[in-house]
Amino acid sequence: WALAGDERQAAAIEASARALDAVDRPVIMVARLEEVATLMALRGEGDVLFDGVVGRNALAGRGDAESVAALLRDLTAPGGRLSLAESVPRHGSRPS
């Protein structure tokens, strides 16, 4: 599965996935993170948990990082891995 925030992101994921064998291509959902569990349930896959969840800027600009982390935890199987990369502009490199 892959989560895209909008159709542009979904198209980019789909373009990259074309190089994969059909069985390896992700199911692409266009939604907000908060909607993933509901969408999976509607697909009849509400009991699916992921061995790994990878995200970039999943917490940025959401206000309540704890509730987002809880959503991600609830999608991760026991013993699974959650790996997030977050941009923190104030800690980035600056020209001197």
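**A tour from the largest pocket outward**

Begin by selecting strand E3, residues 50–56, because in this predicted model E3 gives the largest share of the lining of the largest pocket, namely six residues. The space in that pocket comes to about 630 Å³. To find its middle, select Ala2, Leu3, Ala4, Leu33 and Val54, which are the closest to the pocket centre among the 26 residues that line it.

Next, colour the elements that give two or more residues to this lining: besides E3, they are strand E1 (2–4), helix H1 (7–17), helix H2 (36–42) and helix H3 (65–75). If you then colour the lining by residue class, you should find 17 nonpolar residues, five polar ones and four charged ones.

Stay with E3 and show the ring of Phe50 together with that of Trp1, since a search of the whole structure finds one aromatic pair. How are the rings of Trp1 and Phe50 arranged? Their centres are 5.0 Å apart and their planes stand at 80 degrees, so the pair is edge-to-face. Trp1 belongs to the segment before E1, whereas Phe50 belongs to strand E3, so the contact ties together parts of the chain that are 49 residues apart in sequence. As for burial, Phe50 has a relative accessible area of 17% and is buried, while Trp1, at 39% relative accessibility, counts as partly exposed.

Now add strand E4, residues 76–85, to the selection, and look at how E3 pairs with E4 in the parallel sense over six bridges. A convenient place to inspect this pairing is Val54, whose bridge partner in E4 is Ser83; Val54 is also one of the residues closest to the centre of the largest pocket. Following the chain from E3 through H3 to E4, you trace a β-α-β crossover that is right-handed.

The last stop is on that path: select Asn57, which lies in the loop between E3 and H3. Most residues other than glycine have a negative phi. Asn57, although not a glycine, has a positive phi of about 55 degrees. Is Asn57 buried or partly exposed? With a relative accessible area of 30%, Asn57 is partly exposed.

Methods:
Residues are numbered from 1 along each chain as its sequence is written. This is a predicted model: local features need pLDDT of at least 70, side-chain atom pairs count only at pLDDT 80 or more; totals for chains, interfaces and linings use all residues. Side-chain values use heavy atoms; hydrogens and water are left out. On a 1 Å grid over the protein atoms alone, a cavity is a set of points where a 1.4 Å probe fits but cannot get out, and a pocket is an open set with protein on both sides within 12 Å along at least five of seven lines; lining residues have an atom within 4 Å of a point. Grid points are joined across faces, edges and corners, and a volume is the space filled by probe spheres set on the points. Helices (H or I, at least four residues) and strands (E, at least two) are DSSP runs, numbered from the N terminus. Ala, Val, Leu, Ile, Met, Phe, Trp, Tyr, Cys and Pro count as nonpolar, Asp, Glu, Lys and Arg as charged, and the others, Gly among them, as polar. Rings of Phe, Tyr and Trp (its six-membered ring) pair if their centres lie within 6.5 Å; planes under 30 degrees apart count as stacked, over 60 as edge-to-face and the rest as tilted. Buried means under 20% relative accessible area, exposed over 50%, partly exposed in between (1.4 Å probe, protein chains only). Two strands pair if DSSP finds at least two bridges between them. A crossover is right-handed if, with the strands pointing away from the viewer, the path from the first strand over the helix to the second runs clockwise.
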